[in-house]
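Q: How should one read a protein bound to DNA, feature by feature? Please take me through it.

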Amino acid sequence: MPELPEVETTARGIGPHVIGRTLVAVCVHQPILRYPVAEDLSQILAQQTVVSLSRRGKYLLMQCERGHLLIHLGMSGCLRMQPTGHRLRKYDHLVWCFDHGEDLVFNDPRRFGLVLWTTENPFQHRLLAHLGVEPLTDSFHAEMLYAKAKTRKQSVKQFIMDHKVVVGVGNIYASEALFMAAIDPRRSCQRISLARYERLVMGIKQVLAAAIDQGGTTLKDFSSNHQPGYFQQSLQVYGRHDQPCVHCGNAIRQVHLGQRNSYFCAHCQR
DNA sequence: AGTGCGGCCTGTCCGC
DNA sequence: TGCGGACAGGCCGCAC
């Protein structure tokens, strides 16, 4: 499922194909996504040129001349470029046709994703306004986490997955980062020292950066779909219950935290 | 205000 | 072999 690294990789891959290009048509084949796609999206976007493509959390922001398109890939969404008129696949819900003979295609089997048009400042949009800091910036640091954790009564894993605290730490990378930081995911976020939060911040930055690096090499061709789980060969604990810990050999454990599967080594993580 | 949970949707897996 | 049911998963939005 697309987490922050996949979204970042998508932005980097798609950007050069769409920035500076002008839309000639938009075809909506399935308007029922997380929120309904605007009925008049095609009229709105026609003849608009794409100014920039950026990312905020797991949202893609396609800046056009008269507003922004907010795109979220949900659980199963992906974007790809293909020649105009090229045949569509199952679950290709939206197609943006550009003036240079390439189409941008939004595919999303589970339809947890969204495509919204907004003319306001996109960062003030209700879906983005309350998002926490970007994990790969200097604003994301241990002091900030430590201070915020003081008033919370959650496990540390639920805490770092809260998008009001820090964006883009999904279920997979939360488990991985906690393993790198040797912190038990069940531990109360209040009962973690500043020094351990330093390790956790480094773990989060490292695992996300590594995944973006891999995505950059694995997904450099944006004419094809994502390879599902392309980062999986690098996962140290996620999905590895009952398999040996790569550090100590003890069996990786699986527990539920806030309805989410969590994986950890009870020997290495305290 | 902080926290928990239902619901959206479909591919995959499991048991019969 | 085919079928039904459970499950996963991000994240909003409501209930407590």
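**Reading the model**

Q: Which residues are around DNA strand B?

A: A residue is near a molecule or strand if one of its heavy atoms lies within 4 Å of it. Around DNA strand B these are Tyr91, Pro109, Arg110, Arg111, Phe112, Arg152, Lys153, Gln154, Gln158 and Gln259. This is a predicted model, in which local features need pLDDT of at least 70, side-chain atom pairs count only at pLDDT 80 or more, and totals for chains, interfaces and linings use all residues. Residues are numbered from 1 along each chain as its sequence is written, chains are lettered from A and ligands numbered from 1 in the order in which they are written, and side-chain values use heavy atoms, with hydrogens and water left out.

Q: How do the residues of the surface near DNA strand B divide by class?

A: Ala, Val, Leu, Ile, Met, Phe, Trp, Tyr, Cys and Pro count as nonpolar; Asp, Glu, Lys and Arg as charged; the others, Gly among them, as polar. The surface near DNA strand B has three nonpolar, three polar and four charged residues. On the DNA side, sugar or phosphate supplies 66% of the strand B atoms within 4 Å of the protein, and bases supply the rest.

Q: Which polar contacts does DNA strand B offer to Arg110, Arg111 and Arg152?

A: A polar contact is a pair of N or O atoms within 3.5 Å; within protein, one must be able to donate a hydrogen and the other to accept it, and residues adjacent in sequence count only if both atoms are side-chain atoms. The Arg110 side chain has an N or O atom 3.3 Å from a base oxygen of DNA strand B. For Arg111, the partner is a phosphate oxygen of that strand, at 2.7 Å. Arg152 has a polar side-chain atom 3.3 Å from a phosphate oxygen of strand B.

Q: How many residues surround DNA strand C?

A: There are 16, and the closest are Arg34, His72, Arg126, His163 and Tyr238. Of the strand C atoms within 4 Å of the protein, 64% belong to sugar and phosphate. The surface near DNA strand C has seven nonpolar, four polar and five charged residues. Arg110 comes up here too: an N or O atom of its side chain is 2.9 Å from a base nitrogen of DNA strand C. His163 places a polar side-chain atom 3.0 Å from a phosphate oxygen of strand C. For His72, the distance from a polar side-chain atom to a phosphate oxygen of this strand is 2.3 Å.

Q: Is His72 buried or exposed?

A: Buried means under 20% relative accessible area, exposed over 50%, partly exposed in between (1.4 Å probe, protein chains only). His72 is buried, at 17%. Helices (H or I, at least four residues) and strands (E, at least two) are DSSP runs, numbered from the N terminus. His72 belongs to strand β4 (residues 67-72). Its side chain reaches the backbone nitrogen of Gly74 at 2.8 Å. Contact means heavy atoms within 4.5 Å. Leaving out residues up to four places away in sequence, His72 touches Lys58, Tyr59, Phe106, Gly113 and Leu114.

Q: What is the order of the open sheet of four strands?

A: Two strands pair if DSSP finds at least two bridges between them. The order is β1-β6-β7-β5, with antiparallel pairing. β1 (23-28) and β5 (78-83) stand at the edges with a single partner strand each, so one side of each has no neighbour in the sheet. Five bridges join β1 to β6 (residues 92-98). Within that pair, Ala25 stands opposite Cys97.

Q: Which strands of the hairpin pair over five bridges?

A: Strand β9 (residues 253-257) and strand β10 (residues 260-264) do, in the antiparallel sense. Gln254 has Tyr263 in β10 as its bridge partner. The hairpin has two residues between the strands, and Gly258 takes a positive phi near 55 degrees.

Q: Where is Ala182, and what is its phi?

A: Most residues other than glycine have a negative phi. Ala182 has a positive phi, near 60 degrees. Ala182 lies in the loop between α5 (171-180) and α6 (194-218), and is partly exposed at 23%. Helix α5 itself is mostly covered, with nine of its ten residues buried.
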